[in-house]
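Student: I've just opened this one and I'm a bit lost. Could you walk me through some of the labels people put on it?

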Amino acid sequence: FLVFPLQTGRIDKSYPTVCGHTGPVLDIDWCPHNDQVIASGSEDCTVMVWQIPENGLTLSLTEPVVVLEGHSKRVGIVAWHPTARNVLLSAGCDNAIIIWNVGTGEALINLDDMHVDVIYNVSWNRNGSLICTASKDKKVRVIDPRKQEIVAEKEKTHEGARPMRAIFLADGNIFTTGFSRMSERQLALWNPKNMEEPIALHEMDTSNGVLLPFYDPDTNIIYLCGKGDSSIRYFEITDESPYVHYLNTFSSKEPQRGMGFMPKRGLDVNKCEIARFFKLHERKCEPIIMTVPRKSDLFQDDLYPDTAGPEAALEAEEWFEGKNADPLLISLKHGYIPGKNRDLKVVKKNILDNKPAANKKSDLINAPKKAADASNTQNEAKLDEILKELKSIKDTITNQDERISKLEQQMAKIAD
């Protein structure tokens with residue numbers, strides 16, 4: 001796949017690519033907590049996580065930071081956790097969902113017995129405590145991944161046989177798109193606490209393109225882009241009937257082959273820009289900018305409530321241990337100034353640590369640089385060396401803990 005600076009015009013055929021997979025790349029997802037990190041899923045059954053250099057690619061990138069192996073069939077979906085650092089979900093054609101700790105390269109949760117058919121999409125909720133999935137068996141499932149249980153499910157969410165999509169909204173409700181038995185496109189709103197009947201169900205038209213929902217939690221607007229359509233419809237979700245309010249349609253001449261969505265902090269607040277799409281044509285990528293006309297040049301608080309920032313609210317270990325946290329919000333009043341991204345470091349667990357689910361925070365602070373080779377475990381000298389290294393690391397961690405608590409005490413005194 002290509003990663004290049006935002007620009008218009010043609011791209012040189014010789015432009016460097018990210019090319020470590022041995023099969024076609026099926027999905028990519030930028031990390032919400034690090035603008036230089038991107039994950040990719042491929043037909044080669046692996047997930048790879050890449051660190052893009054600060055100033056872009058000058059040479060093709062063939063070495064990922066980490067390769068995540070665990071799927072037995074191609075991986076069609078990758079999705080980063082919205083609030084916990086280094087937590088990545090992948091879903092494959094083996095009907096399994098795996099949740100990885102990218103910081104250690106481990107698969108910590110494997111949901112391989114919940115889906116009997118192809119998974120069309122997976123969506124995290126606002127704080128990343130639940131996921132919802134849409135599947136070829138016409139079911140929408142709400143899953144608690146850490147308890148590894150299905151919290152709610154709805155059969156025949158949409159009666160039609162064509163693909164569905166399901167996404168979580170900020171208030172915890174679920175929005176779905178699909179097809180009726182008569183192949184009409186539908187959208188629906190559901191309360192996961194009672195999936196018997198939808199809160200709202202609207203029929204759209206008889207086009208056969210799958211409707212892809214893009215959701216802005218700050219304004220509660222959903223943009224629907226049909227694959228192969230040449231329009232984007234948008235709706236506002238509210239607490240009052242009819243709950244899903246049609247706003248308008250953006251139309252163009254050429255059909256879209258795919259669509260990307262700019263995160264809120266990448267928008268121009270001075271121009272009242274509330275959404276920016278990147279529409280994929282056969283030979284080009286076209287930006288589509290949605291703005292709200294306002295006479296005033298002042299910052300529009302109602303259009304830009306505090307939005308999810310790039311800082312993670314939790315570390316991976318905290319989330320796997322059961323903690324939840326909402327996104328850390330930032331103000332866009334003075335525009336978004338990108339901070340310095342830290343490099344993604346992957347620390348493989350030591351082979352003497354046989355407990356796969358042990359997620360101590362200290363493991364990541366200063367673990368051994370290289371996991372010892374499993375084949376050398378019989379070698380006593382090597383074992384000795386590893387044990388010494390472990391001891392010195394534990395000492396270092398103790399020292400670091402003491403240092404941290406001293407610094408915290410100093411900060412508390414200053415704050416008082």
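Tutor: Sure, let's take a few labels one at a time; keep in mind that this is a predicted model.

Student: What makes T307 count as buried?

Tutor: Buried means under 20% relative accessible area. T307 comes out at 4% relative accessibility, so it counts as buried. You'll find T307 in strand β24, residues 307-308.

Student: Which side chain does the side chain of T307 make a polar contact with, and how do you know that it is one?

Tutor: The partner is the side chain of D218, at 2.6 Å. A polar contact needs N or O atoms within 3.5 Å, with one able to donate a hydrogen and the other to accept it, so the pair is called a polar contact. Leaving out residues up to four places away in sequence, T307 touches D218, K264, L328, L329, I330 and L332.

Student: Over to D144. Why is it said to have no salt bridge?

Tutor: The nearest side chain of opposite charge is K147, and that is 4.3 Å away. A salt bridge has to be within 4 Å, so D144 and K147 don't make one. D144 is buried all the same.

Student: What lies around D144, then?

Tutor: A polar atom of the D144 side chain lies 3.1 Å from the backbone nitrogen of R146. Setting aside neighbours within four places in sequence, D144 is in contact with S129, L130, E149 and V151. The strand that holds D144 is β11, residues 140-144.

Student: Which sheet does β11 belong to, and what is the strand order?

Tutor: An open sheet of four strands, in the order β9-β10-β11-β12, with antiparallel pairing.

Student: What makes β9 and β12 the edge strands?

Tutor: Each of them pairs on one side only: that goes for β9 (119-124) and for β12 (149-154). From one strand to the next, the twist averages 20 degrees.

Student: How do you know that β9 and β10 are paired?

Tutor: Pairing takes at least two bridges. β9 and β10 (residues 131-135) have five, in the antiparallel sense, so they count as a pair. One place to look is I119, whose bridge partner in β10 is S135.

Student: Why is β2 called mostly covered?

Tutor: Six of its six residues, 37-42, are buried. Both faces of β2 are covered, with V37, A39 and G41 on one side and I38, S40 and S42 on the other.

Student: Which strands does β2 pair with?

Tutor: β1 (residues 25-30) pairs with β2 in the antiparallel sense over five bridges. Five bridges also join β2 to β3 (residues 46-51), again antiparallel. On the β1 side, D29 has A39 as its bridge partner, and V25 stands opposite S42. On the β3 side, S40 stands opposite M48.

Student: How many residues sit between the strands of each hairpin?

Tutor: In the β1 and β2 hairpin there are six residues between the strands. In the β2 and β3 hairpin there are three, and C45 in that turn has a positive phi of about 75 degrees.

How values were computed
Residues are numbered from 1 along each chain as its sequence is written. This is a predicted model: local features need pLDDT of at least 70, side-chain atom pairs count only at pLDDT 80 or more; totals for chains, interfaces and linings use all residues. Side-chain values use heavy atoms; hydrogens and water are left out. Helices (H or I, at least four residues) and strands (E, at least two) are DSSP runs, numbered from the N terminus. Axes are lines fitted to C-alpha atoms, for helices over the stretch in contact, and angles run from 0 to 180 degrees between N-to-C directions. Buried means under 20% relative accessible area, exposed over 50%, partly exposed in between (1.4 Å probe, protein chains only). Lys and Arg count as positive and Asp and Glu as negative; His and the chain ends are not counted. Contact means heavy atoms within 4.5 Å.
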